[in-house]
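Open the model in your viewer and keep the sequence panel in sight. The stops below each give a selection to make and then say what is there.

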Amino acid sequence: MGMSSPKCFSCATATPRFASSIAFMVSGLAIFVIVASILLASSPIFSSFQDYFLSVDHARESQPPILSSFAYNHPPEMFVSEPSSPKPVSGSDAANYDVNSTTVSDANLCDLYHGKWAYDTGGPLYTNISCPLITQMQNCQGNGRPDKDYENWRWKPDQCDLPRFDARKFLELMRGKTLAFVGDSVSRNQMESLLCILCQADMPKNRGSRRMHRWYFKSTSTTIVRIWSSWLVHKTSEPMVFAPDGVAKVHLDLPDEYFMEFLPEFDVVVLSSGHWFAKPSVYVLNGTIVGGQLWKPPQNTRVDMRINNIEAFGLSVETAVESIAAHPNFTGVAIFRSYSPDHYEGGAWNAGGSCTGKVSPASDLVINEYTEVMHEKQVSGFGRAMEKAAKKSNLVFMDITEAFGYRPDGHPGPYRSPDPNKKTKRGPHGEPPPQDCLHWCMPGPIDTWNELLLEIISKRF
């Protein structure tokens, strides 16, 4: 009769003990789970565990952003996103405003264009000494303007912080890219402001020609271009039917072919217009004269003059936006800056209007009926084009009009030249000296346009 080996005998005797150990462990684990569940359910930390395992983040739960009526009435592509922030500050609260804030988020939609001006003790982004690229007419300090506070106000949107311009960030975002300004002399004003800001980080080289102003930043291979286009639509000067030579014929249904020729080369294009619609001109649609400004057809000539300069402006904006959106080879971003307000108080620029003596932002919005209606037509023209555009995402409306209605202090006024004998005070009968209340001092409020521009670009690149 065979006997079991000692090894097999040990296994057999160990089996009951092993089973008993398992039963004891299971019983203990069950008791632990029951007790732990009771404790967790009755404890405040239970919700934290639940949030963690179920990926619930209460900190991210937020209310929809509050938008202005403008935001509700216009496409979301016209705005850029910014985080919510505390209530806007006034000049007296400037010490509590962090002008160096660079917080940017896509979490909420922010209306950048409604807010207040806050006094900034940090000073301007450059000076007339540190920037050699300022046109003399905008060099207000160099032309003898005695006050400087107009340089020290920064725009504070109601819903978010607008970061101070970071020249290095801009150049990196635009590395290897081209940005073009297309428009009139106010467009040139904005371009020169941008050049002054950027040259504090890298001095550009002038590579321009008669056809196109071009500035090149070697450190990032960034190019800034300026193209003159006072109307943004096709313009001729040759005689047309009974409209004489020399008067501009503005073809409201045809884009300016000159800047459209170069459009595919641009990664960002900033367009603006409007002020030339106050000049003598003839308006043309489908090859037919339909209106004019400071021009009338000869007597006994039957012409349907149904388009005035304000209506013409709206149509020109619609044509420019629609043409850019439909361009098959343009893949960049087109930013349309809104109408820049002037501040000729008491009359037009050539009829006694003046901004002399304005040294700080206005406490109440300076209402100019002409500016209001021009802005309205620009917005509606942009909106009509947006409705028809297949590529809406590359069209942005940068609405600076209301914010800059508060800045009559930001213009050169009588300080347009370094002439030591220029008139800067009113005459004996109250007549104002010759002055510029349309363009903007540099440095000055216009630098804010480029801070807004950087925010838009930072969302795109």
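**Pockets**

This is a predicted model, and the tour begins at its second largest pocket, which has a volume of about 190 Å³. Select D147, T356, G357, K358 and Y415: of the 17 residues that line this pocket, these are the closest to its centre. The lining of the second largest pocket is made up of seven nonpolar, five polar and five charged residues.

Go next to the largest pocket, with a volume of about 750 Å³. Its lining has 27 residues, and H275, A278, Y344, W349 and L438 are the ones that lie nearest the centre. Colour helix 5 (185–198) and helix 8 (369–388), the elements that give two or more residues to this lining. Which of them gives the largest share? Helix 5 does, with three residues. Coloured by class, the lining of the largest pocket shows twelve nonpolar, nine polar and six charged residues.

**Helix 5 against helix 10**

Keep helix 5 selected and add helix 10, residues 447–460. The axes of the two helices come within 9 Å and cross at roughly 75 degrees. An angle of 65 to 115 degrees counts as roughly perpendicular, and helix 5 and helix 10 are therefore roughly perpendicular to each other.

Show side chains where the two helices meet. From helix 5, select V186, Q190, S193, L194 and I197; from helix 10, select D447, W449, N450 and L453. The residues of this contact divide into five nonpolar, three polar and one charged.

**The largest cavity**

Helix 10 also leads to the next stop, as it gives the most to the lining of the largest cavity, with three residues. A search of the whole structure finds three cavities of 30 Å³ or more, and the largest holds about 140 Å³ of space. Select P124, E151, W153, R154 and D447, which lie nearest its centre among the 15 lining residues. D447 was also selected at the previous stop, on the helix 10 side of the contact with helix 5. Besides helix 10, strand 4 supplies at least two residues of the lining. By class, the lining of the largest cavity has five nonpolar, four polar and six charged residues.

**The second largest cavity**

Return to helix 8 and add helix 9 (401–404); each supplies at least two residues of the lining of the second largest cavity. This cavity has a volume of about 80 Å³. To see its lining, select P341, D342, H343, L365, V366, N368, T371, E372, T401, E402 and G405. Three of these residues are nonpolar, five polar and three charged.

**A disulfide**

The last stop is one of four disulfides in the count. Select C110 and C160, whose sulfur atoms are 2.1 Å apart. Is this disulfide left-handed or right-handed? The torsion about the S-S bond is about -65 degrees, so the disulfide is left-handed.

Now zoom out to see what the pair joins. C110 is in strand 2 (residues 109–110), and C160 is in the loop between strand 4 (153–157) and helix 4 (167–173). The two cysteines are 50 residues apart, and the pair links distant parts of the chain. Strand 4, just before that loop, is the strand that supplies residues to the lining of the largest cavity.

Conventions:
Residues are numbered from 1 along each chain as its sequence is written. This is a predicted model: local features need pLDDT of at least 70, side-chain atom pairs count only at pLDDT 80 or more; totals for chains, interfaces and linings use all residues. Side-chain values use heavy atoms; hydrogens and water are left out. On a 1 Å grid over the protein atoms alone, a cavity is a set of points where a 1.4 Å probe fits but cannot get out, and a pocket is an open set with protein on both sides within 12 Å along at least five of seven lines; lining residues have an atom within 4 Å of a point. Grid points are joined across faces, edges and corners, and a volume is the space filled by probe spheres set on the points. Helices (H or I, at least four residues) and strands (E, at least two) are DSSP runs, numbered from the N terminus. Ala, Val, Leu, Ile, Met, Phe, Trp, Tyr, Cys and Pro count as nonpolar, Asp, Glu, Lys and Arg as charged, and the others, Gly among them, as polar. Axes are lines fitted to C-alpha atoms, for helices over the stretch in contact, and angles run from 0 to 180 degrees between N-to-C directions. Angles under 35 degrees count as roughly parallel, over 145 as roughly antiparallel, 65 to 115 as roughly perpendicular and the rest as oblique. Contact means heavy atoms within 4.5 Å. A disulfide is a pair of cysteine sulfur atoms within 2.5 Å.
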